[in-house]
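Here are my notes after a pass through the model, as numbered points. Have the viewer open while you read.

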Amino acid sequence: MEATGFSPATLSALIALVRKHTGIAMTERKSVLLERRLRPRVQALNLASYQAYLDKVEQDRAEIPHFIDLVTTNDTLFFRTPQVWDYVEKEFLPQWWAAHPGQRLKVWSAASSSGEELYSMAMLCEEFAAANAGFSYQIHATDISQQILALARDGQYTGRSVERIQSTHPDWVKKYFRPSANGLRVVDALKKNVELAQHNLLTPLKPAKQFDLVFLRNVLIYFDQEQQQTILQQARLSMASHAIMIVGESESITGLNTAYQFDRPMIYRME
């Protein structure tokens, strides 16, 4: 196997393969990251080169899910970007409930990664339900990676994720988590209104749903402008007329040709 780095031809082929199977538009600047992620798999399969691994991905459909898991980025924390969660807790939930009494709130965590985002939302909803009789909710969480969905489904967290929730919401840790061998695990009650499914953001969501709130955070930055518009158009098909979309702190969609109206940084409404 190559000692370090990819040959130019292999790197070009790899970038093309990433785009083919995930839609993500990577550049040569990601070569070190890609090598670090692929190396253990190449070694585990006892292959002589990275090109040999790319050939395997092209020839063996069973390897594609492993490849997708390796090249997609999954880095998130509980209550990441506090101003987002302040908005959801203090403005969105009260306003939505006032306008839709007796209805079930439908939330889509698109690109949900290992689950910190969806369980952050679940905790807010549980707290809101405790204070507002009759409130109910459903969270639909999706990601392209089956491996990361399995982590979200398990709901066990360690490291930075645990440190973050313990520092920001210590009382909720006692309520919504239980100690595990290596960290914390979310209680089953927090999973009861959550469903997880694999989904490629460039394709329509199936079965079709209509959501009141969509989290599409820190994922558009991995796509080119044309793909971003496709993703936003697909998401729009799954949003109610009054729905809110929340994007990442380093993302803006105001320069794109979309049917979203800017509300404030990271917050967009349907036009």
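Helices and strands here are DSSP runs, numbered from the N terminus, with at least four residues for a helix and at least two for a strand. Keep in mind that this is a predicted model.

1. **Domain layout.** Start with the overall split. The domain assignment gives domain 1 as 8–71 and domain 2 as 82–270. Taken over C-alpha atoms, the centres of domain 1 and domain 2 are separated by 29 Å.

2. **The domain interface.** How many residues of domain 1 are in contact with domain 2? The count is 8 residues of domain 1, against 10 residues of domain 2. The size of an interface is often given as the accessible area lost when the parts come together. For domain 1 and domain 2, the buried area is about 760 Å², and carbon and sulfur atoms give 51% of that.

3. **F79.** Now for some backbone geometry. F79 sits in the loop between α4 (64–71) and α5 (82–99). Its phi is near 50°, which is a positive value in a residue other than glycine. Is F79 buried or exposed? F79 is buried, because its relative accessible area is 4% and the cut-off for buried is under 20%.

4. **T81.** The loop between α4 and α5 also holds T81. Here phi is near 65°, again positive in a residue that is not glycine. T81 has a relative accessibility of 8%, so it counts as buried. If you are checking backbone torsions, put F79 and T81 on the list.

5. **T76.** Staying in the loop between α4 and α5, have a look at T76. With a relative accessibility of 15%, T76 counts as buried too. Which residues does T76 touch, leaving aside those up to four places away in sequence? They are S113, S114, E116 and S161.

6. **A cis proline.** The peptide bond from K206 to P207 is cis, and omega is near -5°. As for where to find P207, go to the loop between β6 (194–198) and β7 (211–216).

7. **I139 and its surroundings.** I139 belongs to strand β2, residues 136–143. This residue is buried, with a relative accessible area of 0%. Setting aside residues up to four places away in sequence, I139 touches V107, L118, M121, A122, N193, V194 and E195. V107 deserves a second look: I139 and V107 are 32 residues apart along the chain, yet their C-alpha atoms are separated by 4.7 Å.

8. **The cavity.** Rolling a probe the size of a water molecule over the atoms shows where empty space is left. How many cavities of 30 Å³ or more does the structure hold? The structure has 1, and the space in the largest cavity comes to about 40 Å³.

9. **What lines it.** The residues lining the largest cavity are W108, H199, L201, T203, P204, L205, L216, I231, Q234 and A235. Helix α10 (residues 225–236) gives the largest share of this lining, with 3 residues. By class, the lining of the largest cavity breaks down into 7 nonpolar and 3 polar residues, with no charged ones.

Key
Residues numbered from 1 in each chain as written. Predicted model: local features only at pLDDT ≥ 70, side-chain atom pairs only at ≥ 80, totals over all residues. Heavy atoms only, no water. Buried < 20%, exposed > 50% of the residue type's maximum accessible area, 1.4 Å probe, protein only. 1 Å grid on protein atoms, 1.4 Å probe; cavity = no way out; pocket = protein on both sides within 12 Å on 5 of 7 lines; lining within 4 Å. Points joined across faces, edges and corners; volume = space filled by probe spheres on them. Nonpolar A, V, L, I, M, F, W, Y, C, P; charged D, E, K, R; others polar. Contact = heavy atoms within 4.5 Å. Domains from an automatic or database assignment. Buried area = accessible area lost by both parts, 1.4 Å probe.
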